[in-house]
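I opened my notebook for this one and wrote down each thing I looked up. Here are the entries, in the order I made them.

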Amino acid sequence: MVDVPLLLAFVLAASILTLTPGVDTAMVLRATTMDGRRPAVMAALGIALGCLAWGAAAAFGLGALLHASETAYTVVKWLGAAYLVWGGVKLLAAPRVALDSDASDSASHRGATAFWRGLLTNLLNPKVGIFYVTFLPQFIPSNANVAVYSFFLACCHVALTLLRFAALIAVTAPLRCSVPQ
């Protein structure tokens, strides 16, 4: 059963957190200004899917495991660090030579790259799981199925995130970089 005042409190708190800029915001803004709307939407969808995966994991116990097990948390943290190092090495090995996207990259390739970048950035960030484990329980009514309601709240958070990203993309798309060749 839904406790409306508790749900509204969650929506308010989650909205404030969603509006706080971070890595996800930077990824969407970068994709919008450098590659256009479609890659930005794909990045947002990848980020959302990563959040949903962590929401499901937190709802069904994996997030609690990360919270309780320093080893599990460290493994996921090192995987995330390895992903960031890999991305940095790729940039050092083949730096961009211009601000605009490579003309040989198709829009679908840029979209797929943005999607995977958004997804992996969230999946390899154990802080997202810890956030769900620590934030969601305070908004779960006492008579609710904890796993189902936790996932419901994670879905609400993702919906708010996608709304914010849609607004960011709409506002920033006109600022897209276009460097004359």
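**Leu175**

I looked up Leu175 and found it exposed, at 58% relative accessibility. My cut-offs for that: buried is under 20% relative accessible area, exposed is over 50%, and partly exposed is in between, with a 1.4 Å probe and protein chains only. Leu175 sits in the segment after H8. I also checked its distance to Gly36: the two are 139 residues apart in sequence, yet 9.5 Å apart in space, C-alpha to C-alpha.

**What I am looking at**

Note to self: this is a predicted model, where local features need pLDDT of at least 70, side-chain atom pairs count only at pLDDT 80 or more, and totals for chains, interfaces and linings use all residues. Residues are numbered from 1 along each chain as its sequence is written, and side-chain values use heavy atoms, with hydrogens and water left out.

**The whole chain**

I counted the elements and got eight helices and zero strands. Both kinds are DSSP runs numbered from the N terminus: helices are H or I with at least four residues, strands are E with at least two. Read from the N terminus, the order is α-α-α-α-α-α-α-α. The chain has 181 residues, and 40% of them count as buried.

Next I looked at contacts, meaning heavy atoms within 4.5 Å. Taking contacts between residues at least 6 apart in sequence, 84% join residues at least 24 apart.

**H2 against H8**

At what angle do the axes of H2 and H8 cross? I got roughly 35°, with the axes of H2 (residues 23–35) and H8 (residues 146–172) coming within 9 Å. The axes are lines fitted to C-alpha atoms, for helices over the stretch in contact, and the angle runs from 0 to 180 degrees between N-to-C directions.

The crossing is right-handed. That term means the near helix is turned clockwise from the far one by less than a right angle; anticlockwise would be left-handed.

I then listed who meets whom. From H2 come Asp24, Thr25, Val28, Leu29, Thr32 and Thr33, and from H8 come Arg164, Phe165, Leu168, Ile169 and Thr172. These residues split into five nonpolar, four polar and two charged. For the classes, Ala, Val, Leu, Ile, Met, Phe, Trp, Tyr, Cys and Pro are nonpolar, Asp, Glu, Lys and Arg are charged, and the others, Gly among them, are polar. Worth remembering: an α-helix has 3.6 residues a turn, so residues three or four places apart point the same way.

**Salt bridges**

How many salt bridges does the whole structure hold? My search found two. The rule is a side-chain nitrogen of Lys or Arg within 4 Å of a carboxyl oxygen of Asp or Glu. Side chains of opposite charge can pair when their charged atoms come close.

Asp35 pairs with Arg30, and their closest N and O atoms are 2.8 Å apart. Asp35 is buried, at 9% relative accessible area, while Arg30 is partly exposed at 29%.

Asp35 also pairs with Arg110, where the closest N and O atoms are 3.9 Å apart. This pair links distant parts of the chain, with Arg110 in helix H6 (residues 107–123) and Asp35 in helix H2, 75 residues apart. Arg110 and Asp35 are both buried. Put together, Arg30, Asp35 and Arg110 form a network of salt bridges.

**H7, Phe131 and His157**

Why do I call H7 largely enclosed by the rest of the structure? Because seven of the ten residues of H7 (residues 126–135) are buried. They are Pro126, Val128, Gly129, Ile130, Tyr132, Val133 and Phe135.

Phe131 is in H7 too, but it is partly exposed at 24%. Leaving out neighbours within four places in sequence, Phe131 is in contact with Leu17, Leu136 and His157.

So I followed the contact to His157, which lies in H8 and is buried at 11%. Apart from residues up to four places away in sequence, His157 touches Phe10, Ala14, Thr18, Phe131 and Tyr132.

**Cysteines**

My disulfide count is zero, the rule being a pair of cysteine sulfur atoms within 2.5 Å. For Cys155, the closest cysteine sulfur is in Cys156, 7.1 Å away, which is too far for a bond. Cys155 is partly exposed at 31%, whereas Cys51 is buried at 5%.
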